[in-house]
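Thanks for sending this one over. Here are my notes, point by point, to read with the model open beside you.

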Amino acid sequence: MIGILLSGSNSDGTIGLRAIQAFGGISVVQNPLSADMPFMPNNAILHTVPDFVLSTDEILEFIKEINQEE
């Protein structure tokens, strides 16, 4: 499982990422510098250890790479 957390103004995304990580999943957080609303990605970075912190363009490339591996 892969969780991708994007721009937002709540902390609920952090709870979801923690659950994904607890079961061995991969966590991807949008770089707060590229987020319209950086609160949620900042909160996730402060309270978890994301596997990746990527810009939106990098997230798109990450998704494309996953699709090519199938």
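**Notes on the fold**

1. Let me begin inside the sheet: Ser27 sits in strand 2. Strands (E, at least two residues) and helices (H or I, at least four) are DSSP runs, numbered from the N terminus. This is a predicted model, in which local features need pLDDT of at least 70 and side-chain atom pairs count only at pLDDT 80 or more, while totals for chains, interfaces and linings use all residues. Residues are numbered from 1 along each chain as its sequence is written, and side-chain values use heavy atoms, with hydrogens and water left out.

2. Is Ser27 buried or exposed? Its relative accessibility is 0%, so Ser27 counts as buried; the label means under 20% relative accessible area, with exposed over 50% and partly exposed in between (1.4 Å probe, protein chains only). Not counting residues up to four places away in sequence, Ser27 touches Gly3, Leu17, Gln21, Val49, Pro50, Asp51 and Phe52, where contact means heavy atoms within 4.5 Å. Ser27 and Met1 are 26 residues apart along the chain, and their C-alpha atoms are separated by 8.7 Å.

3. One of those partners, Gly3, belongs to strand 1. Gly3 is buried too, because its relative accessible area is 6%. Setting aside residues up to four places away in sequence, Gly3 touches Leu17, Ile20, Ile26, Ser27 and Val28. From Gly3 to Pro50 the C-alpha distance is 9.8 Å, across 47 residues of sequence.

4. The side chains of strand 1 are worth a look. Gly3 and Leu5 point to one face and are buried, whereas Ile2 and Ile4 point to the other face and are not. In a regular strand, side chains alternate between the two faces of the sheet.

5. Now the sheet as a whole: 3 strands form an open sheet in the order 1-2-3, with parallel pairing. Strand 1 (2-5) and strand 3 (52-54) are the edge strands, each pairing on one side only. From one strand to the next, the twist averages 20 degrees. Two strands pair if DSSP finds at least two bridges between them. Here 4 bridges join strand 1 to strand 2, and 3 bridges join strand 2 (residues 26-30) to strand 3. Val29 is a handy landmark, since Leu5 stands opposite Val29 in strand 2 and Val29 stands opposite Val53 in strand 3.

6. Two helices cover these strands. Helix 1 (residues 12-22) lies across strand 1 and strand 2, at about 160 degrees to strand 1. Helix 2 (residues 39-47) lies across strand 1, strand 2 and strand 3, at about 135 degrees to strand 2. Axes are lines fitted to C-alpha atoms, for helices over the stretch in contact, and angles run from 0 to 180 degrees between N-to-C directions.

7. How do the helices meet? Helix 1 and helix 2 pack at an angle of about 40 degrees, with axes 8 Å apart. That makes helix 1 oblique to helix 2 (angles under 35 degrees count as roughly parallel, over 145 as roughly antiparallel, 65 to 115 as roughly perpendicular and the rest as oblique). The contact is made by Asp12, Gly13, Thr14, Leu17 and Arg18 of helix 1 and by Met40, Asn43, Ala44 and His47 of helix 2.

8. Finally, Thr14 is found in helix 1 and counts as buried at 3% relative accessibility. Beyond its neighbours within four places in sequence, Thr14 is in contact with Leu5, Met40, Asn43, Ala44, His47 and Thr48.
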